[in-house]
Amino acid sequence: MAFVDDAYYDGSRLFAWLSIATGIPIDQINFAATQIVALSLAPLFRGYLHHSKTTPATRHAFGLVAGLLIGCFAFGRQVLLLAGLPSICYPIMRTQDPHNMQQTVLTVSIIYLSCIHLHRQVYDYGSSTLDVTGPLMVITQKVTSLAFSLHDGLTRKEEEMTTYQKYHAVRNFPTALEYFSYVFHFHTLMAGPALFYKDYIDFIHGHNFKLHPVNPNNQFDSNFNSRKVVLEPSSTLVAVKKIIISVLCAALFVTLIPTFPIQRAKDDDFVEGKTASEQMVYLFVATILVRLKFYHAWVLADAICNLSGIGFNGYDAKGTPKWDLVSNVDILKFEFGLTLRDSIEHWNKGTNVWLRMIVYERVPSKYATFLTYSLSAFWHGFYPGYYLTFASGALFTYAARAVRRCIRHYFQEPPVVKAFYDFVTMVATRVVMTYITFSFVLLEFWPSVRLYLSTYCWLHLVALSATLVLPQFSSRGHSSTRKSTPLKNPFSQLSSNGVTSGING
């Protein structure tokens, strides 16, 4: 029988017969069912509930009701836990001083989420069963980002904010309907991506298409004519491609993951009987297969958003519409990134931006990386493997910066040398990514540390050496060549110096 633990999973048993017939756990079937429903509702939402045909309140209400029904189907009574956090945070936003309200919301949200994480860790340790922690992580992003946007819009001057903060600043409190529909709308409830309030409201009112005119520079035009007829590009082809990719990822995951289970890394014969290179090759394949599960869920969620009209991001230089304003992941750019930063900023992209929005840009620069990784770790939960990954990630981030500053400039000319350098850094990034993320999947502390010790923590030592030693040999005259190049698109800076977003959510 393919049932999950009845004592913990509280979702619908409507498709129990299908679970018994196929051997697929009921929680996975329910997740697929909710996404199929959302995928069906998305084009109907864009068509029959188009902003030109109905009121914003109707669009808010439909998205809210559909999201709550999907939540009830997937989580049963646990949906009350999802509703608890935004219900607590909304009065805080409305009653507290906006100068420090955002800090209170962040503190309450992280404590609330941490309690749910700990509950699951105690009663369902190590399980991959569908529960409310995933959606609650996204809701945490929504309420905290809204709180910081309100803080910026109500208390800060234009000249005090970054370009990104100006764009997302919210100057009017949302009504209860606007707030709860933003939190629970069906498009992103189950698997994201992180959608910020400004972009959500623009979508509801139809401003998202007017804000992105055909312009080779892709500049936002906030002075649009509300009576102007705007051609809305179709997202069907983009969504169909993403659905196909999602299905392929799911098929590969189901087919291949039994051959390369990550749990094998805990076996004695693997730790003691394999060479370091054999271990890395196996973990490289196993972690890729684990990522396929996330690609399946995240790319499908992107397709749902696109079909409803969410995610339009203007046009490229050729006039082709872009649908990447809100997105979970860019698979190719993550898998083939030339540096750790390049890869990280294309994994769980909304979370990356969220971390930058509420931490990285608001704390002293010397603490920014450490505090950002710390919040990301708390946001994910309390499995020891998470903290090994994030601690290692912080070390390798500093090491990568040292290598880039001290070595990269020697390999920029001629083009063949630069191409070779880029290839080497891409391969090194793949090795490092495998080395630091397998513990995230294993979850456990000692099995991960044991595997590191079996290879004498060699990559950690290399990273530590690069961080501490390389700067001592850096050319004195090179500092002037490392000045930042002006960015043509002000919004391209949002994910620079990529900060990690982790694996879940």
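Over which residues from 476 onward does pLDDT stay under 50, and how many contacts beyond four places in sequence does the model have for them? The stretch is residues 476–505, and the model has 71 such contacts there. Another stretch to handle the same way is residues 215–227, where pLDDT also stays under 50 and the model has 21 contacts beyond four places in sequence.

Keep in mind that this is a predicted model. The protein averages a pLDDT of 88, and 88% of the residues score at least 70. As for the helices, confidence is lowest in helix α10 (residues 207–210), with a mean of 83, and highest in helix α8 (residues 176–184), at 98.

Now for the membrane annotation. An unreviewed UniProt entry lists "transmembrane region" for residues 29–49, 61–85, 243–260, 281–301, 377–399, 420–443 and 449–470. Here's how two of those spans look in the model:

| Span | Distance between end C-alpha atoms | Helix | Strand |
|---|---|---|---|
| Residues 281–301 | 31 Å | 100% helix | 0% strand |
| Residues 420–443 | 36 Å | 96% helix | 0% strand |

Finally, a look at one residue, Thr369. You'll find Thr369 in helix α17, which covers residues 365–380. Is Thr369 buried or exposed? Thr369 counts as buried because its relative accessibility is 4%, and the cut-off for buried is under 20%. Setting aside neighbours within four places in sequence, Thr369 is in contact with Tyr360, Thr397, Tyr398 and Arg401.

Note on methods. Residues numbered from 1 in each chain as written. Predicted model: local features only at pLDDT ≥ 70, side-chain atom pairs only at ≥ 80, totals over all residues. Heavy atoms only, no water. pLDDT = per-residue confidence, 0-100. Helix = DSSP H or I, 4+ residues; strand = E, 2+ residues; numbered from the N terminus. Contact = heavy atoms within 4.5 Å. Buried < 20%, exposed > 50% of the residue type's maximum accessible area, 1.4 Å probe, protein only. UniProt positions renumbered as here; feature names shortened; annotations may be inferred.
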